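Biologist: Please take me through the strands of this chain, and give the rule behind each term as you use it.

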Amino acid sequence: GAGNRFVELKKSTNLTNARLSARLRGEMDSQGAQLVVLVQGRTPKTTANFVLTGQPFRITHDWSEQSAMLKPDPAQWTCMGARWNDKHGYGCDDIATVLKDVNIDIMFVLFPLRIAPWGSVADPNKLRPGEDYPEEPSYPVRIHALPKGLLMFDWVKIEYPSR
């Protein structure tokens with residue numbers, strides 16, 4: 001894409017034991033998804049995506065300040081793995097390895113999402129909504145199953161541990 005502003009500003013990509021804080025608010029029908037931090041890093045083994053499922057952020061009506069510690073504890077993280085046809089480029093690695101060099105992305109995501117096709121789909125895990133799903137009706141997934149609402153961030157901050 002357009003690049004990574006975080007990296008362009010020469011911030012450290014070693015997020016091991018860093019505290020990620022945010023001031024946020026919103027109103028959301030999450031459909032069972034939680035707001036979590038996702039880190040992505042290219043390692044010697046693969047490109048790994050992890051979500052911090054052990055420390056979700058709460059979406060509250062009023063502004064709230066919340067934090068998560070990016071500890072290399074595998075029990076706190078869920079590896080996203082790869083689609084069946086993308087295992088050559090994506091996969092899982094040790095979270096400690098990824099946190100030492102988060103060299104692709106840091107973002108907030110809603111996880112997990114329930115993607116439900118409108119029509120009959122033989123194997124929805126092998127198809128991409130909007131590309132491979134049947135096109136009738138005009139939107140191929142049941143949007144009522146997806147989160148809806150409003151989420152606002154006032155600020156996001158990363159505090160590095162003293163090393």
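Biologist: What makes Glu 159 in S8 the residue that Arg 19 stands opposite?

Modeller: Arg 19 and Glu 159 face each other across paired strands: strand S1 (residues 18-29) and S8 run antiparallel over 11 bridges. Two strands pair if DSSP finds at least two bridges between them, so 11 bridges meet the rule for S1 and S8. A strand is a DSSP run of E with at least two residues, numbered from the N terminus. The model is predicted, so local features need pLDDT of at least 70, side-chain atom pairs count only at pLDDT 80 or more, and totals for chains, interfaces and linings use all residues. Residues are numbered from 1 along each chain as its sequence is written, and side-chain values use heavy atoms, with hydrogens and water left out.

Biologist: Why are strand S4 (64-70) and strand S8 (148-159) called edge strands?

Modeller: The open sheet of 3 strands has the order S4-S1-S8, with antiparallel pairing. S4 and S8 each pair on one side only.

Biologist: How do you know that S2 pairs with S7 and with S3?

Modeller: S2 and strand S7 (residues 105-111) are joined by 7 bridges and run antiparallel; Leu 35 has Leu 110 in S7 as its bridge partner. S2 and strand S3 (residues 47-51) are antiparallel over 5 bridges, and Gly 41 is matched with Ala 48 in S3. A hairpin through 4 residues joins S2 to S3.

Biologist: Why is strand S2 (residues 34-42) called mostly covered?

Modeller: Buried means under 20% relative accessible area with a 1.4 Å probe, protein chains only. In S2, 7 of its 9 residues are buried, so the strand is mostly covered.

Note on methods
Buried means under 20% relative accessible area, exposed over 50%, partly exposed in between (1.4 Å probe, protein chains only).
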